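Me: Could you walk me through this structure? I would like to understand a sheet and a couple of pockets.

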Amino acid sequence: MKVLVSWMAKTNDFNNGEVNLEGPNLSFHNFYYEHDQHILLCSEKESDTSFEFLINAIKTKFPDRHVTGRYMGIKDVIDLDEVKGKIDPVLLELKDHKIDIFFSPGTSIMQLTWFLCHATLGLNTSLIQLRAPKLTPDKKPEKLFLNILQSATPQAITLKEINTSNKPDALVQITESIKPVFEKAEKAGISRNSTVLITGETGTGKEILAQHVHKNSERRKNVFIAINCSAFSDNLLESRLFGYKKGSFTDAKSDTIGIFEQADGGTIFLDEIGDISTYMQQSLLRVLQDKEIHPIGGKPKQIDVRIIAATNQDLVKLCEKGSYRWDLYYRLAVVELELPSLRERGLAEIEQMLQFFIHKKRKEMHRTTQLSFTKVAWQKITQYPYPGNIRELENMIENLYVFCDTEVTEKDLPDRIKNIPAKFSYRLADAEKEHILMVTEIFKDQKKKAAEALGISYNTYKNKLQQYQ
């Protein structure tokens, strides 16, 4: 199929409030239309009378032609991110067809958007413009093709405003092990609509990574709203996400819009997505499939929202057990990002993170001097496994700034850090103790057999048991 796509041009498609029969869109139909369909775009969100007049004028003059109007809901017609974000899905829907883009109508940003889409999306597109009749010898509009080389790689061109506040370093230190994750997040940001699933233990910084995706996307000028799904019952979560109409339930005193509607054009971060019920899984799947929400007691509404979800659970295992929907998992995991735990990142990075937060918290808490640590205290805090990951490490440093003047000693540390379980210790003696206790538990009262299994003499074994109490 051959499709023509163009914008309505209010200043040229109309003359003194009437449809201009010599305007750009009607001129194209008069002289050069050879298409199966014309998709005519209007920047408005709601019904626009002039847009309907233009479509009707084309259909009246050319009744055999298939003209479809689309309201694009663009708030700012000179915002490149917003315009391109609305145009990309329209063209990608037509990926199997020949697409002629009528370049002339529209603002300069709309025309730049056509150029970027033609050059980067990898579609079968052509850029066409008309030269005004007054500039041609025969006083007839002249059809011109813009000959621009297309990139073989989609998204080869990216125009982006640089905002230093978008750098994640302002919130967390980007170490070598997580640098590739944040680089993948930046690439994920380029795609306006792809859902993202972030996995990782509690406290690894999943929301910070989600914000990084948002801030590197075309949606960054719109809102980012985060909600913890595990904090609400089904009824509360449903009303918070989708909104409700007055009188739809006992406490519904007035019409209330939900988070999805509040985030229209922006991003929603659904944390702890692995904890939602099967009922909410079905509700969310419907949103992802149909791009519309169902307010409680209300009618369906179309929404334009990107979803970034996060969980500390293994969704694949939950799917295998039958407690999570495979179809929802596949919808969520279009782009997957995994954050490693702090202990997986190694001693060097734990020390790097400690130094980062020691410096950061000194400034935040307006302390004139920076905390120092005795050798034993430093050894303890670097060997601690941090099951709460970065969040626990950051909170610990803040706690020490509250209760310590300058130097931190072992007695200033929380008990959980002072008494590190042997299995998490880096000390050889602790690893030996853990292993001997494990073998002793296996052989129970058969101490000689335990010593033999360990490959040491019975006397050495007895001495070790006494040493380790």
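Reply: We can take the sheet before the pockets, and please keep in mind throughout that this is a predicted model.

Me: Ok, in what order do the strands of the five-stranded sheet come?

Reply: The order is 10-13-16-9-17, and the sheet is an open one whose strands pair in the parallel sense.

Me: And which strands stand at the edges?

Reply: Those are strand 10, residues 224-228, and strand 17, residues 335-338; each has a single partner strand, so one side of each is left without a neighbour in the sheet. On average, neighbouring strands in this sheet are turned by 20° against each other, if direction is ignored.

Me: How many bridges join strand 9 and strand 17?

Reply: There are four bridges between strand 17 and strand 9, which covers residues 196-199, and the two pair in the parallel sense. As an example you can look up, Leu 197 has Glu 336 of strand 17 as its bridge partner.

Me: What does helix 6 touch in the sheet?

Reply: Helix 6, residues 179-190, packs on the sheet and touches strand 9, strand 16 (306-311) and strand 17, and its direction makes about 160° with that of strand 17.

Me: Switching to pockets: what is the volume of the largest one?

Reply: The largest pocket holds about 1,200 Å³ of space. Its lining consists of 41 residues, and the closest to the pocket centre are Lys 86, Pro 89, Arg 192, Ile 303 and Asp 304.

Me: Which element gives the most to that lining of the largest pocket?

Reply: Helix 4 does, with nine residues. The elements that give two or more residues are strand 5 (67-71), helix 4 (80-93), helix 10 (278-290) and strand 16, and strand 16 is also one of the strands that helix 6 touches.

Me: How does the lining of the largest pocket split by class?

Reply: It has 17 charged, 14 nonpolar and 10 polar residues.

Me: And what about the second largest pocket, what is its volume?

Reply: The second largest pocket has about 560 Å³ and is lined by 28 residues, with Ala 9, Asn 12, Gly 23, Pro 24 and Pro 105 lying nearest its centre.

Me: Where does the largest share of the lining of the second largest pocket come from?

Reply: It comes from helix 1, which supplies three residues. At least two residues each come from helix 1 (10-13), helix 2 (24-31), strand 4 (37-42) and strand 7 (125-131), and by class the lining divides into 14 nonpolar, nine polar and five charged residues.

Definitions and conventions:
Residues numbered from 1 in each chain as written. Predicted model: local features only at pLDDT ≥ 70, side-chain atom pairs only at ≥ 80, totals over all residues. Heavy atoms only, no water. Pairing = 2+ DSSP bridges. Axes fitted to C-alpha atoms, helices over the stretch in contact; angles between N-to-C directions. Contact = heavy atoms within 4.5 Å. 1 Å grid on protein atoms, 1.4 Å probe; cavity = no way out; pocket = protein on both sides within 12 Å on 5 of 7 lines; lining within 4 Å. Points joined across faces, edges and corners; volume = space filled by probe spheres on them. Nonpolar A, V, L, I, M, F, W, Y, C, P; charged D, E, K, R; others polar.
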